[in-house]
Amino acid sequence: MRNVRHSGIAGLVMLALVFSGSAGAVVGVGTVVSGHAGSDDELQASADGAVKVSSAHGDTDTDAATDAPSPKTSSTPTLKPHPTPKPKPKPKPKPKPKPTVAAVAPASDTHSVVDASWPDDDGSGCPAPRWPTTLSSGAPGNGRRVLVIGDSRTRDSRLSMIDGMVGSGWTPTVRCWGWKEVTWGTEQVRRAKARGELPKIVVIALGINDIGRQDASMIRRHMVGLLEAIGPGHQVLWLEEYSTRSPKTFSNSHVNYPPRVSAFNANLRDLRSSYPNLSVIAWVSVVKANNLGLLDGIHYGKRGYRYRAQTIVNGLNSIVG
């Protein structure tokens, strides 16, 4: 009976080989591996003809289990087409940042050495003084340098004044700040000297803030101090003062400006005898002849500032040019 069993089993094995040609692969002698990859059971035949069923629960001898199921045949797997990859969207280009637009400086200021120690503007000051590296051309200035020192009125007429000077061939540098007095002008002269930027021609447009705070004798001493700081080797042009402010015309004014302005201008003209390098630019007559109104008895409107700027340029052209 044992031989019958073996032959029967061998027959089964042969049948399995015939019918599972596409489902299994022959490995070694008399061993069939099911084509169902990863199945729980595998049908095995040993070299001596014994067949074992390899199970997940261990090996079972076919003497004890002659009715072991035949290996399962699997159908040929259907190949699924690979999905067409979707094209990746092109990244949107980032917008280029717009360049910061800087304030446009006058033509004479585009190539200049800037005084980096100039304080930040608190709303009262001018831009930092610029010492142009390129000289202007044309008569009567012919490129000669000019330093202008002034207060808020110079600040508010600065651009027109620079344009007029450059148009007449002068090369200007401006140092100005609101509320400043004559002593501040002396400090600016010393600063310009230290930087090697004190030219032979200096225009002064200071005095109104001294008039409102000091008596005439003290103002004169400060004027002398400024002229001494500039020195005899330089030509000085000083603009006359003018004001209509008084307690009668402006209720918030505690000072009657007109008589003090007259004393200031008298001192200015008198100092010419001691400082022959000093010239006075007439301004009072210009204001009256052109009926230039003042906003608060001290400051001008646009028209007044245009006249002020042109008066300084005319003074340069006629006195120095």
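This tour moves through one chain, selection by selection, and says what can be found at each stop.

**Before you start**

The model is predicted, so local features are given where pLDDT is at least 70 and side-chain atom pairs count only at pLDDT 80 or more, while totals for chains, interfaces and linings use all residues. Residues are numbered from 1 along each chain as its sequence is written, and side-chain values use heavy atoms, with hydrogens and water left out.

**The whole chain**

Show the whole chain as a cartoon, and you will find eight helices and twelve strands; helices (H or I, at least four residues) and strands (E, at least two) are DSSP runs, numbered from the N terminus. Of the 321 residues in the chain, 40% are buried, where buried means under 20% relative accessible area, exposed over 50%, and partly exposed in between, with a 1.4 Å probe and protein chains only. Among the contacts with a separation of 6 or more, 69% are between residues 24 or more positions apart, a contact being heavy atoms within 4.5 Å.

**The five-stranded sheet**

Next, select strands 8 to 12, which form an open sheet in the order 9-8-10-11-12 with parallel pairing; two strands pair if DSSP finds at least two bridges between them. Strand 9 (171-176) and strand 12 (278-281) each have a single partner strand, so one side of each is left without a neighbour in the sheet. Neighbouring strands of this sheet are turned by 20° against each other on average, direction ignored; axes here are lines fitted to C-alpha atoms, for helices over the stretch in contact, and angles run from 0 to 180 degrees between N-to-C directions.

**Strand 10 and its partners**

Select residues 201-205, which are strand 10, joined by five bridges to the parallel strand 8 (residues 145-150). Leu 147 stands opposite Val 202, and Gly 150 stands opposite Ala 205. On the other pairing, four bridges join strand 10 to strand 11, again running parallel, and Val 203 has Leu 237 as its bridge partner in strand 11.

In a regular strand the side chains alternate between the two faces of the sheet. Show the side chains of strand 10, where Ile 201, Val 203 and Ala 205 point one way and Val 202 and Ile 204 the other way. Five of the five residues of strand 10 are buried, so this strand is largely enclosed by the rest of the structure.

**Out to strand 12**

Now select strand 11 (235-239) and follow the chain through helix 6 (residues 257-270) to strand 12, because these three make a right-handed β-α-β unit, meaning that, with the strands pointing away from the viewer, the path from the first strand over the helix to the second runs clockwise. Strands 11 and 12 run parallel and are joined by four bridges, with Trp 238 and Val 280 as bridge partners. In strand 12, Leu 278 and Val 280 point one way and Ser 279 and Ile 281 the other way, and all are buried.

**Helix 2 and Thr 154**

Select helix 2, which lies across strand 8, strand 9 and strand 10 and runs at about 175° to strand 9. Helix 2 bends by about 60° at Arg 158, the bend being the angle between axes fitted to the seven residues ending there and the seven starting there. Its buried residues include Ser 157, Met 161 and Met 165, and what covers the buried residues of this helix includes helix 4 (208-211) and helix 8 (302-320).

Zoom in on Thr 154, which lies in helix 2 (residues 152-167) and counts as buried because its relative accessibility is 1%. Not counting residues up to four places away in sequence, Thr 154 touches Val 148, Met 161, Val 174, Cys 176, Ala 205 and Arg 308. Just after helix 2, look at Gly 169, which takes a positive phi of about 90°.

**Helix 3**

Finally, select helix 3 (residues 182-194), which lies across strand 8, strand 9 and strand 11 and runs at about 150° to strand 8. Helix 3 has 13 residues and reaches 19 Å from its first C-alpha to its last, close to the expected 18 Å, the expected span being 1.5 Å times one less than the number of residues. Its buried residues include Trp 184, Gln 188 and Ala 192, and helix 5 (216-230) is among the elements that cover the buried residues of helix 3. Just after this helix, Gly 196 takes a positive phi of about 70°.
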